Amino acid sequence: MSEAWLSVEDIAEHLGVSKDTVYTWVAKKDMPAHKVGRLWKFQASEIDDWVRNGGAAVQENED
C-alpha cells in the first residue's frame with residue numbers, strides 16, 4: 001500500500017513546529033516537498049529521514 005501524502009498542516013503537527021517553520025525549511029533547508037498545483041505535499045517517511053540526517057538542525061550562523 002502506498003504512503004499517504006500529507007499537507008503542510010499535517011507535517012507541522014507531525015514535527016511539532018509551526019506551518020511558517022515548514023515553509024521556511026522548504027525554502028531554505030531543502031526539506032523534501034512536492035508541489036502539487038499550489039499546494040506543498042509531503043511524505044512522512046521522507047521527512048523523518050531528512051530530520052534524522054540533520055536537515056532540521058539549527059546552524060550557528062542562522063538568525
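**Figure 1. Helix α3 and what lies over its buried side.** The cover over the buried residues of α3 includes α1 and α2, in a model that is predicted. The residues of α3 that count as buried are Ala44, Ile47 and Trp50. Seen down the axis of α3, these buried residues fall within an arc of 125°, so they line one face of the helix. Beyond the helix comes glycine 54, which follows α3 and has a positive phi, near 90°.

**Figure 2. A salt bridge within helix α3.** Arginine 52 and aspartate 49 join their side chains in a salt bridge, with 3.1 Å from N to O. Both residues belong to helix α3, which covers residues 44-52, and they stand 3 residues apart, about one turn of the helix. The two partners can be described by their accessibility as well: arginine 52 counts as exposed, at 62% relative accessibility, whereas aspartate 49 counts as partly exposed, at 41%. Side chains of opposite charge can pair when their charged atoms come close.

**Figure 3. Helix α2, with a buried face and an exposed one.** In α2 the buried residues are Val22, Trp25 and Val26. They fall within an arc of 100° when seen down the axis of α2, so they line one face of the helix. The face turned away from this buried side carries the exposed residues Asp20, Ala27 and Lys28. Over the buried residues of α2 lies a cover that includes α1, β2 (39-41) and α3. After α2 comes aspartate 30, whose phi is positive, near 55°.

**Figure 4. A salt bridge between helices α1 and α2.** Glutamate 9 and lysine 19 form a salt bridge, in which the closest N and O atoms are 3.7 Å apart. This pair links distant parts of the chain, since glutamate 9 lies in helix α1 and lysine 19 in helix α2 (residues 19-28), with the two residues 10 apart in sequence. Glutamate 9 is partly exposed, at 44% relative accessibility, and lysine 19 is likewise partly exposed, with a relative accessible area of 40%. With the salt bridge of arginine 52 and aspartate 49, the count of salt bridges comes to 2.

**Figure 5. Serine 7, ahead of helix α1.** Serine 7 lies in the segment before α1, the helix that spans residues 8-15. With a relative accessible area of 15%, serine 7 is under the 20% limit and therefore counts as buried. Its side chain makes a polar contact with the side chain of glutamate 9, at 3.2 Å, and a polar atom of the serine 7 side chain also lies 3.1 Å from the backbone nitrogen of aspartate 10. Glutamate 9 is thus a residue to find in two of these views, as it also forms the salt bridge with lysine 19. When residues up to four places away in sequence are not counted, serine 7 touches Trp40, Lys41 and Phe42.

**Figure 6. The largest nonpolar core.** The largest nonpolar core has 12 residues in all, namely Leu6, Val8, Ile11, Ala12, Val22, Trp25, Val26, Met31, Phe42, Ala44, Ile47 and Trp50. Each of α1, α2 and α3 supplies at least two residues of this core. Among the core residues is valine 8, which, leaving aside its neighbours within four places in sequence, is in contact with Lys19, Val22, Tyr23, Trp40 and Phe42. The buried residues of α2 shown in Figure 3, Val22, Trp25 and Val26, and those of α3 shown in Figure 1, Ala44, Ile47 and Trp50, appear in the list of core residues.

**Figure 7. The protein chain as a whole, as a setting for the close-ups.** The secondary structure of the protein chain comes to 3 helices and 2 strands, and read along the sequence these follow the pattern α-α-β-β-α. Along the principal axes, the C-alpha atoms fill a box of roughly 40 × 25 × 20 Å. The radius of gyration of the protein chain is 12 Å, which agrees with the value near 11 Å that a compact globule of 63 residues would have. Of the 63 residues, 25% count as buried. Among contacts between residues at least 6 apart in sequence, 48% join residues that are at least 24 apart.

Key
Residues are numbered from 1 along each chain as its sequence is written. This is a predicted model: local features need pLDDT of at least 70, side-chain atom pairs count only at pLDDT 80 or more; totals for chains, interfaces and linings use all residues. Side-chain values use heavy atoms; hydrogens and water are left out. Helices (H or I, at least four residues) and strands (E, at least two) are DSSP runs, numbered from the N terminus. Buried means under 20% relative accessible area, exposed over 50%, partly exposed in between (1.4 Å probe, protein chains only). A polar contact is a pair of N or O atoms within 3.5 Å; within protein, one must be able to donate a hydrogen and the other to accept it, and residues adjacent in sequence count only if both atoms are side-chain atoms. Contact means heavy atoms within 4.5 Å. A salt bridge is a side-chain nitrogen of Lys or Arg within 4 Å of a carboxyl oxygen of Asp or Glu. A nonpolar core is a set of buried Ala, Val, Leu, Ile, Met, Phe, Trp, Tyr and Cys residues joined through side-chain atoms within 4.5 Å. The arc is that of the directions from the helix axis to the C-beta atoms. The radius of gyration is taken over C-alpha atoms; the globule rule is 2.2 Å times the number of residues to the power 0.38.
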